[in-house]
Amino acid sequence: MSEFSSLPSGCSQCLDTDGTEIEFSMAFQPIVDVREKQVFGYEALVRGPNQEPAGFVLDKLDDKNRYYFDQAIRVKAIKTAVALGVDTVLSINFFPNAVYRPETCIRTTLNACEEYGFPIDRIMFEVTESEQIQDRQHLKNIFEYYNKKGFITAIDDFGAGFSGLNLISDWQPNIVKLDMNLIRNIDRDQTRQHLVSSVVDFAHKVGIKIICEGVETLEELSVLEKMDVSLFQGYLFAKPAFEALPPVDFSHVGLN
């Protein structure tokens, strides 16, 4: 089956494209659980066909191909993950403004999970906090529907925007990923320590998991572990690997 042939035939927006297929591939970066010393999941990151950065691909998006590309990302991520033997959570970034009706636009994902044999409850959909959301209620409806279907939902790059904790309350995701700019040099910045600690405490109280992104040093890891954070993503553990699963370095775990 073509990666694009599973698009919902009844959705006019799905077929309303200029027919241009944007060439792209995927890199994978692990999210690790330091308590269990194992991989929690892999984030599928868009790359150009020759390992170009995400911007090389995303700059080609417009209102005519955004829906088409959003669907293609999901299928490509699932197909590639299965080929690589991913048996953990698979995290996929999506474009909420490209989802017209959650119950219709999710068909491609459901079809891909069935065809390639990937469990629905291991798919995590991420949306960045800084994404320009045209209709906040619409995104809330998407999250609610995805959770109902058994998918995991996450807010990515939390702290990069200006929405604050009310965003978590409004969208009620399963997971919040703290932006790397909050994490960078947190061991030397008490203001960031207080801020992150408050977010982590709030999230734990309402049953939301925290993932800290962009962890690069043992000192950053140490501070965050003391805040009762166990899920991390960053170069300290592994860099993204193009069309592959990178080896994970757990040698830093347990040194604090």
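Arg35 counts as exposed, at 53% relative accessibility. The cut-off for that word is over 50%. This is a predicted model, and Arg35 is a good place to enter it. Which residue does Arg35 form a salt bridge with? The partner is Asp228. The closest N and O atoms of the two are 2.2 Å apart.

Now find both residues along the chain. Arg35 sits in the loop between strand 1 (25-33) and strand 2 (38-47). Asp228 sits in the loop between helix 10 (218-226) and strand 8 (231-233). The two are 193 residues apart in sequence, so their salt bridge ties together distant stretches of the chain. Asp228 has a relative accessible area of 41%. That makes Asp228 partly exposed, because exposed needs over 50% and buried needs under 20%.

Next, turn to Arg184. Arg184 is found in the loop between helix 8 (180-183) and helix 9 (190-205). Its relative accessibility is 21%, so Arg184 counts as partly exposed. Buried would need a value under 20%.

Arg184 forms a salt bridge with Glu216, with 3.5 Å between the closest N and O atoms. Glu216 lies in the loop between strand 7 (209-213) and helix 10. This pair ties together parts that are 32 residues apart in sequence. Glu216 is partly exposed, at 39% relative accessible area.

Arg184 also forms a salt bridge with Glu220. Here the closest N and O atoms are 3.4 Å apart. Glu220 belongs to helix 10, while Arg184 is in its loop between helix 8 and helix 9. The pair links distant parts of the chain, 36 residues apart. Is Glu220 buried or exposed? Glu220 is buried, at 1% relative accessibility.

Some salt bridges share partners. Through such sharing, Glu43, Glu126, Lys177 and Glu213 are joined into one network. In total, the structure holds 11 salt bridges.

Step back to the whole chain. It has 10 helices and 9 strands. Of its 256 residues, 51% are buried. The chain exposes about 11,800 Å². Carbon and sulfur atoms supply 45% of that area.

Finally, consider contacts across the sequence. Take those between residues at least 6 apart in sequence. Of these contacts, 67% join residues at least 24 apart. The salt bridges traced above fit this picture: Arg35 and Asp228 are 193 residues apart, and Glu220 and Arg184 are 36 apart.

Terms used
Residues are numbered from 1 along each chain as its sequence is written. This is a predicted model: local features need pLDDT of at least 70, side-chain atom pairs count only at pLDDT 80 or more; totals for chains, interfaces and linings use all residues. Side-chain values use heavy atoms; hydrogens and water are left out. Helices (H or I, at least four residues) and strands (E, at least two) are DSSP runs, numbered from the N terminus. Buried means under 20% relative accessible area, exposed over 50%, partly exposed in between (1.4 Å probe, protein chains only). Contact means heavy atoms within 4.5 Å. Accessible areas come from the Shrake-Rupley method with a 1.4 Å probe; for residues, only the protein chains shown count as cover. A salt bridge is a side-chain nitrogen of Lys or Arg within 4 Å of a carboxyl oxygen of Asp or Glu.
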